[in-house]
Structure formats: C-alpha cells, structure tokens
Amino acid sequence: MAGPKIIVIGGSLRTGSYSTRLAALAVKELLLADVEVNRVSFEDYEMPIYDANLENKSGPPAAAVKLKQQFMAHHGVFIATPEYNASVPPLLKNGIDWVSRVRERGDPPYAAFKNRPFALGSTSPGRFGGARALIALRQILELGCGALVLPDQVSVAHAETAFNDKDELAEQPAANALRSTLQKLVEMARLMM
Ligand SMILES: Cc1cc2nc3c(=O)[nH]c(=O)nc-3n(C[C@H](O)[C@H](O)[C@H](O)COP(=O)(O)O)c2cc1C
C-alpha cells in the first residue's frame, strides 16, 4: 500500500515569514520520510473575511471548497502558524472557519477535519515560539471542528536566529521536536488511512 499523503499549511503570507520557513522545512523532513507531501499557501486560496450574509447569499467561496477538498485528499495535516496577540492569526482562523462551513453532498459536518490527524507547529521571534497560538489553534480544531490533534507539537522560539543558512533548525531540541512531531503525524495518518 502507498504511504500516507500529508498536507502542510503555513499560516502567514509575509515575505520572509518564519512560519513559512517552518512549513518548508516540514515538507523537506516529510519527503525524507518517504511520504507524499503537498504544501498549501493561503496565497492560492484567497477568501473574504467570513460573513454569514455572504455565505447565505452565495455559499462558501470556491477557494474554501478547494481547500476542503485538499484536506479530504490527504491522510494527515501539519499546520505551521505564527502567533498574533497570543492567538491564531486571522488568515488561518478565517481559512478554518470557511472550510468548516463547506458541506458537499453526502458529507458529515466538519468532514475536512475528520478521519485524519492534525499536528501543529509554531514559530515566533519571541521566547515562547508561538506556543500560545498553538493552544488557541488546538481549541479551534479539537473543540470547534472535532479534529484529532496530536499531543506532540513544536514551537520554535527566537525565530530570527533559529534557522541556519540551509534553512534547517539550528538548535537540536527544536529540530528533534519537529522531527518527532512529524513522525507521530505520519504514524497516525498511516493508522487512520
Ligand atoms: C498583530 C500582531 C500581533 C503579534 N502578536 C505576537 C504575539 O502575541 N506573540 C509573538 O510571539 N509574536 C507576535 N507577533 C510577532 C510575530 O510573531 C512576527 O511578526 C512573526 O514574524 C509573524 O510570523 P511570520 O514570520 O510567519 O509572518 C505579532 C505580530 C503582529 C503583526
């Protein structure tokens, strides 16, 4: 049987974004683990701010439907996010909110979040590495969307110096945490295939 397919999502559009670097590194690590990986940027999934009037008028935007289908086409999800005011950035929250509203024919509610594990990573120039964003993100995914979120996670602090010139994590503890989080994600995705 072919290995699991994992989707990696970055929570920032900023040029030079640290969480995009973390997402890119996660892709690299997953490829080494012989896993099929696809990376998603919200750049390719532009969505308006969620508005119930808009939804009532024309349903979720095409990008939300497309992103939901991407989730469904993969066996596991890794999200790398920044931290905004001790929480999840609006770009990511908005994307999750819209995807949570997509219900294609025959789908149970929150189909995109079911039957596949999620694993989380964050990074920030601060000393917490965005760990508080992961608390919020875990709440959104687990309590809001009914997703299985693995207990393993990685938060990369002092992001300006955390990556070396090969775009790897310079410090062993962070590198190990990323590797073991991804390993657990692949293991669980394989079990749930
Ligand atoms: C509105 C806003 C709020 C922020 N709040 C936090 C915060 O609570 N904790 C933190 O560590 N960094 C915070 N930052 C700094 C971000 O971590 C930093 O801008 C980071 O580079 C953003 O992630 P990115 O590099 O992936 O774009 C905030 C930045 C913005 C714009």
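# Worked exercises on a predicted model

Ala86 has a relative accessibility of 33% and therefore counts as partly exposed. Buried stands for under 20% relative accessible area, exposed for over 50%, and partly exposed for what is in between (1.4 Å probe, protein chains only).

Before we start, a word on the input. This is a predicted model, in which local features need pLDDT of at least 70 and side-chain atom pairs count only at pLDDT 80 or more, while totals for chains, interfaces and linings use all residues. Residues are numbered from 1 along each chain as its sequence is written, and side-chain values use heavy atoms, with hydrogens and water left out.

## Exercise 1: two neighbours in a loop

Locate Ala86 and Asn85 and describe their phi angles.

Step 1. Asn85 belongs to the loop between strand E3 (76–81) and helix H4 (90–101), and Ala86 is in the loop between E3 and H4 as well. Helices (H or I, at least four residues) and strands (E, at least two) are DSSP runs, numbered from the N terminus.

Step 2. Now look at the backbone. Phi is near 45 degrees in Asn85, a positive value in a residue other than glycine. For Ala86, phi is near 65 degrees, again a positive value in a residue other than glycine.

Step 3. Asn85 has 80% relative accessibility, so this residue counts as exposed.

## Exercise 2: the ligand and its shell

Find how many residues surround the ligand, and list the polar pairs that link the ligand to Arg14, Tyr18 and Asn85.

Step 1. The shell has 13 residues, and the closest are Ser12, Ser17, Ser19, Glu83 and Ser124. A residue is near a molecule if one of its heavy atoms lies within 4 Å of it.

Step 2. Sort the shell by residue class: there are 5 nonpolar, 5 polar and 3 charged residues. Here Ala, Val, Leu, Ile, Met, Phe, Trp, Tyr, Cys and Pro count as nonpolar, Asp, Glu, Lys and Arg as charged, and the others, Gly among them, as polar.

Step 3. Go through the atom pairs. In Arg14, a side-chain N or O atom is 2.8 Å from an oxygen atom of the ligand. Tyr18 uses a backbone N or O atom, 2.8 Å from a ligand oxygen atom. With Asn85, a backbone N or O atom is 2.7 Å from a nitrogen atom of the ligand.

Step 4. On its own, the ligand has 610 Å² of accessible area, and the protein covers 70% of that. Accessible areas come from the Shrake-Rupley method with a 1.4 Å probe; for residues, only the protein chains shown count as cover.

## Exercise 3: a glutamate in a helix

Is Glu55 buried or exposed, and which side chains make polar contacts with Glu55?

Step 1. Glu55 is part of helix H2 (residues 52–58).

Step 2. Its relative accessible area is 13%, so Glu55 is buried.

Step 3. Not counting residues up to four places away in sequence, Glu55 touches Tyr50, Pro60, Trp98 and Arg101. Contact requires heavy atoms within 4.5 Å.

Step 4. Two of these side chains also make polar contacts with the Glu55 side chain: Tyr50 at 2.3 Å and Arg101 at 3.1 Å. A polar contact is a pair of N or O atoms within 3.5 Å; within protein, one must be able to donate a hydrogen and the other to accept it, and residues adjacent in sequence count only if both atoms are side-chain atoms.

## Exercise 4: phenylalanines and their surroundings

Which residues form one aromatic cluster with Phe113?

Step 1. The structure holds 4 aromatic pairs. One of them joins Phe113 and Phe118, stacked at 6.0 Å centre to centre with 20 degrees between the planes. Rings of Phe, Tyr and Trp (its six-membered ring) pair if their centres lie within 6.5 Å; planes under 30 degrees apart count as stacked, over 60 as edge-to-face and the rest as tilted.

Step 2. Phe71 joins Phe113 and Phe118 in one aromatic cluster.

Step 3. Phe113 is buried at 1% relative accessibility, and Phe118 is buried with a relative accessible area of 0%.

Step 4. Check who touches these rings. Ala147, in the loop between helix H5 (131–144) and strand E5 (148–156), is in contact with Phe113 and Phe118, among others. Ile79 lies in strand E3, and its contacts include Phe118, Leu137 and Leu141.
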